[in-house]
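Grab a pencil and let's work through a few exercises together. Try each task on your own before you peek at the solution.

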Number of protein chains: 2
Amino acid sequence: MGIDAAPTTDRRHRRREETIREIVDVAVELMGEHGAAGLSLGDVARRMGIRTPSLYGYFDSKNALYDAVFEQGWRQLADDVTVRWALPADESRRVSRDELAEFALAAATSFARWGVEHPAYAQLMFWRPVPGYEPSAAAYAPAVDVSTRGVKAFEELRDRGLLRADVDLGEAFRQWTVLIAGVVSQQLSNAPHESFDDGTFTRGLPQLVAMFLQFYGPAPRARRTR
Amino acid sequence: MGIDAAPTTDRRHRRREETIREIVDVAVELMGEHGAAGLSLGDVARRMGIRTPSLYGYFDSKNALYDAVFEQGWRQLADDVTVRWALPADESRRVSRDELAEFALAAATSFARWGVEHPAYAQLMFWRPVPGYEPSAAAYAPAVDVSTRGVKAFEELRDRGLLRADVDLGEAFRQWTVLIAGVVSQQLSNAPHESFDDGTFTRGLPQLVAMFLQFYGPAPRARRTR
DNA sequence: GTCTATATGACGATAGAC
DNA sequence: GTCTATCGTCATATAGAC
């Protein structure tokens with residue numbers, strides 16, 4: 001173990017991580033072309049210019065690769081939604097209820113948009129399309145994290161008055177996921193080639209969010225006219 | 001062409017239909033065990049006690065079999081929902097709004113229940129899990145029929161006062177399908193082994209229907225207290 | 001209509017040389 | 001780490017005997 005043993009290890013490690021990342025990206029690319037269940041290791045290797053067995057230096061099995069895709073998908077989605085959804089952290093009352101509602105819609109929209117625009121990931125993350133594969137606990141972790149942070153965000157929305165004080169946050173968040181999963185699922189199943197902005201189902205998302213907020217929100221107030 | 005040519009033809013025809021039906025049923029059974037995309041013709045033949053090539057006397061390809069499953073699924077679902085959802089056809093005003101709401105909930109429930117309790121069909125009908133397969137126009141017909149009848153039912157619900165007079169029925173029905181597809185999809189993806197009655201997501205369906213009716217229904221009226 | 005036999009090819013995965 | 005070679009399995013589909 002010379003003086004540069006550690007740096008060498010790091011460099012090798014970094015290179016390895018890059019290769020792993022490339023395998024996952026190519027896999028996602030191919031899943032987009034042939035469907036999540038249509039992935040083949042031969043195709044992955046071919047597109048990378050290597051041989052199939054070389055992949056086994058990085059993944060123990062095909063399902064391990066699916067696991068990496070699943071995990072990376074949730075990480076990307078989490079990043080994407082977090083970036084687009086930053087609640088103004090200033091004094092609570094400076095943010096009007098309408099503004100909060102817009103933040104909620106923005107969060108729902110960025111989530112659904114990511115799903116529709118990344119159908120390969122979405123199939124694996126929101127459905128169960130691959131026989132014999134189900135995500136490991138480790139791969140699930142980022143998904144759980146998204147959920148946890150979602151409930152926390154709901155808590156804040158409640159404290160700031162967008163949701164009624166007496167709502168069950170866990171239940172409300174679950175219903176929230178049903179709405180978004182429903183939109184993504186219907187769009188991808190029935191009209192996968194439509195863009196998010198023009199989608200038959202995605203265009204209804206603002207209404208669904210309004211529906212949700214009317215139900216879980218506080219005031220009886222003035223009636224929407226449409 | 002003897003006098004019994006027609007009966008003989010009929011008998012043969014009937015026998016053939018029975019075999020086709022059996023193939024489809026076995027296929028659904030296996031899809032339930034290995035996932036929709038995990039279906040293999042060898043397994044189908046084995047379970048029927050015949051050889052794989054014999055299947056080609058009834059279906060031109062594996063995708064043709066998927067098509068038959070898809071079509072039969074929508075037919076069964078349509079029958080199931082129709083049986084459970086018979087709007088009282090008497091004088092309109094004899095049926096209270098609460099009763100109409102219960103009918104709507106019953107329809108949603110029977111639909112979602114069928115999906116959750118027939119996951120093999122549901123995967124194929126609501127998702128796109130099989131690489132290279134997409135339903136033919138013929139297979140889609142019963143699905144379109146369900147949709148058409150759904151919109152008609154919504155029309156009646158509007159005429160009877162459960163929905164506001166100015167709602168866009170097509171849009172409302174689409175949102176309705178999003179809610180139900182969302183429930184089925186979330187339940188099957190995240191907790192496929194839970195029963196419909198105890199399902200984490202299915203249990204929220206009544207709330208979703210209430211949410212929907214509050215949004216698309218008429219009266220501002222008294223506020224729900226939960 | 002159902003069978004045997006077979007064509008043809010892909011797949012995931014492993015062994016062992018370099 | 002990547003390769004060649006290969007194992008064993010399974011797939012869809014066809015040809016032709018019975």
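Here are three exercises on this predicted model, each with a worked solution.

**Exercise 1.** Find out which residues have the most contacts inside the largest nonpolar core.

*Solution.* Start with the core itself: the largest one has 145 residues. Next, look for the residues with the most contacts inside it, and you land on Phe212(A) and Phe212(B). Now zoom in on Phe212(A), skipping residues up to four places away in sequence: its partners include Phe154(A), Leu163(A), Trp176(A) and Leu179(A). One of the residues that Phe212(A) touches sits in the other chain, namely Met211(B). As background, nonpolar side chains in soluble globular proteins tend to be buried together.

**Exercise 2.** Describe the interface of chain A and chain B.

*Solution.* First count residues: 46 of chain A are in contact with 46 of chain B. Then take the buried area, which is about 3,900 Å², with 55% coming from carbon and sulfur atoms. Last, check the polar side: there are 13 residue pairs in polar contact, but zero salt bridges turn up.

**Exercise 3.** Work out which part of DNA strand D lies within 4 Å of the protein: mostly sugar or phosphate, or mostly bases?

*Solution.* Take the strand's atoms within 4 Å of the protein: 79% belong to sugar or phosphate, and the rest to bases. Now pick out some phosphate oxygens. A polar side-chain atom of Ser40(B) lies 2.3 Å from one, and for Arg16(A) the distance is 2.7 Å. Leu41(B) uses a polar backbone atom instead, at 3.3 Å. Finally, sort the residues near the strand: six are nonpolar, three polar and three charged.

How values were computed: Residues numbered from 1 in each chain as written. Chains lettered and ligands numbered in written order. Predicted model: local features only at pLDDT ≥ 70, side-chain atom pairs only at ≥ 80, totals over all residues. Heavy atoms only, no water. Core = buried A, V, L, I, M, F, W, Y, C linked by side-chain atoms within 4.5 Å. Buried < 20%, exposed > 50% of the residue type's maximum accessible area, 1.4 Å probe, protein only. Contact = heavy atoms within 4.5 Å. Near = heavy atom within 4 Å. Polar contact = N/O pair within 3.5 Å; in protein donor to acceptor, adjacent residues only side chain to side chain. Nonpolar A, V, L, I, M, F, W, Y, C, P; charged D, E, K, R; others polar. Buried area = accessible area lost by both parts, 1.4 Å probe. Salt bridge = Lys/Arg side-chain N within 4 Å of Asp/Glu carboxyl O.
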